[in-house]
Amino acid sequence: MRCHSVAGTTSPSAVATYATLREIEDRLKSIRNIEKITNTMKIVASTKLTRAQRAMTESRKYGETSNEVFEAAETKPLEGEGKKQLIVVCSSDKGLCGGIHSSLSRYIRRTTPDGPPFDLVILGEKCKAQLGRTNGQNIVLSFAGIGKDVPTFADAQAIADQITQLSGDYSDVKILYNKFINAQSYEAAIIEAFNEEAIAASANFSAFEVDDEVLANLREYSLANSLYWALAEGHACEQSARRNAMDNASKNAGDMISKYQILFNRTRQAVITGELVEIITGATASEDM
Amino acid sequence: MVFAWKAAGLTYNRFLAVSARAVRRSLKEEKRLVAERRGEMDLRFAKWEDGKQGDVKHLAQANTAANAASSS
């Protein structure tokens, strides 16, 4: 195949054909490499996905159980006058996983202009970059280093600690995360975390006989619980989305490879036929002389 | 009733993290290695002001420092 490229430069059309042949070959090679890479990433994401899903089911049970108290107590967010909301966005540091980060950012951009004033706490580099452009004024805290592995409860606790130490007085805390519906679809959803006044003011609160002093602990702990839930579910969504994205990328690369292979073979045939025609015509012409 | 850890300026989450670490460390060797991976935390954070990102700090160190400051 290589010997074709050492053709003479006599006719411009022939040069063009040889060049494209070479180009197609290079293109094919690079697409093959891309396919290998995306395929490997897909396999890695698949293995991580099983672990992430297990962590998600466990953490979901955990978070739901923790929220049962508030459901039973019929806790509602207080209609704080002039108080800000705090929205915690759970994304991660890694990209290449389809649109799950931007769906969170879009949710923020869609819902916040009509809502009350708010501040943002952002977990993960991806949403930080996206929201930093449009809502930079609202960001008070950002965290990085999320999404390397399955999130641990220690992560959630440390984040919850920082959030409780924030100086602002917030009417309620909303945790925005990707809800895992099935392996193909996710949607941005919200977990409510209440502040102490809201818990104390809830309708059925007296049934629990909680001392005022431990109320703050309950609040901190339930914030950590909800964060852990959101982080684990978001992580599972991310892995699943990455698996799908890489699956599609490999498929597309496969399609392109077969297309280019056919194009390559046809062009090569055409070049050979052209050469044969030239040789035969030349031979016949010189015979007749 | 005032808890000792509350008096020392720890938050409830910090208190839980410390006690969980103590429990993990007292496990037997092979169980401990598995369990300690669940307690790992390597996050960085930054405070924002007026749409500008501040310095990036390590979360673990910052939390310890904050707890130390509130106890004194």
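**Contacts of helix 4 and the interface of chains A and B**

A salt bridge joins the side chains of B:Arg37 and A:Asp149, with a distance of 4.0 Å from N to O. The model in which this pair is found is a predicted one, and between chain A and chain B the count is two salt bridges. Side chains of opposite charge can pair when their charged atoms come close.

The interface itself brings 32 residues of chain A into contact with 30 residues of chain B. The size of an interface is often given as the accessible area lost when the parts come together; here chain A and chain B bury about 2600 Å² between them, and 47% of that area lies on carbon and sulfur atoms.

One element of this interface is helix 4 of chain A, residues 153–164, whose axis comes within 9 Å of the axis of helix 2 of chain B, residues 12–25, the two crossing at roughly 155°. Because angles over 145 degrees count as roughly antiparallel, helix 4 of chain A is roughly antiparallel to helix 2 of chain B, and the crossing of these two helices is left-handed. On the side of chain A, the residues that meet helix 2 of chain B are A:Gln157, A:Ala160 and A:Asp161, while helix 2 of chain B contributes B:Asn13, B:Arg14, B:Leu16 and B:Ala17. Sorted by class, this contact has three nonpolar, two polar and two charged residues.

Within chain A, helix 4 also packs against helix 6, residues 212–288, at an angle of about 130° and with the axes 8 Å apart. That angle makes helix 4 of chain A and helix 6 of chain A oblique to each other, and helix 4 passes helix 6 in a right-handed crossing. Helix 4 of chain A enters this contact through A:Phe153, A:Ala156, A:Gln157, A:Ile159, A:Ala160, A:Ile163 and A:Thr164, and the residues of helix 6 of chain A that take part include A:Tyr221, A:Leu223, A:Leu227, A:Tyr228 and A:Leu231. By class, the contact between helix 4 and helix 6 of chain A has eleven nonpolar, three polar and two charged residues.

Over all chains, the salt bridges come to eleven. Among them is one inside chain A, where the side chains of A:Glu125 and A:Lys128 meet with a distance of 3.1 Å from N to O. These two residues are three apart in helix 3 of chain A, residues 125–134, so about one helical turn separates A:Glu125 from A:Lys128.

How values were computed:
Residues are numbered from 1 along each chain as its sequence is written. Chains are lettered from A and ligands numbered from 1 in the order in which they are written. This is a predicted model: local features need pLDDT of at least 70, side-chain atom pairs count only at pLDDT 80 or more; totals for chains, interfaces and linings use all residues. Side-chain values use heavy atoms; hydrogens and water are left out. Axes are lines fitted to C-alpha atoms, for helices over the stretch in contact, and angles run from 0 to 180 degrees between N-to-C directions. Helices (H or I, at least four residues) and strands (E, at least two) are DSSP runs, numbered from the N terminus. Angles under 35 degrees count as roughly parallel, over 145 as roughly antiparallel, 65 to 115 as roughly perpendicular and the rest as oblique. A crossing is left-handed if the near helix is turned anticlockwise from the far one by less than a right angle, and right-handed if clockwise. Contact means heavy atoms within 4.5 Å. Ala, Val, Leu, Ile, Met, Phe, Trp, Tyr, Cys and Pro count as nonpolar, Asp, Glu, Lys and Arg as charged, and the others, Gly among them, as polar. Buried area is the accessible area (1.4 Å probe) that two parts lose on being put together, summed over both.
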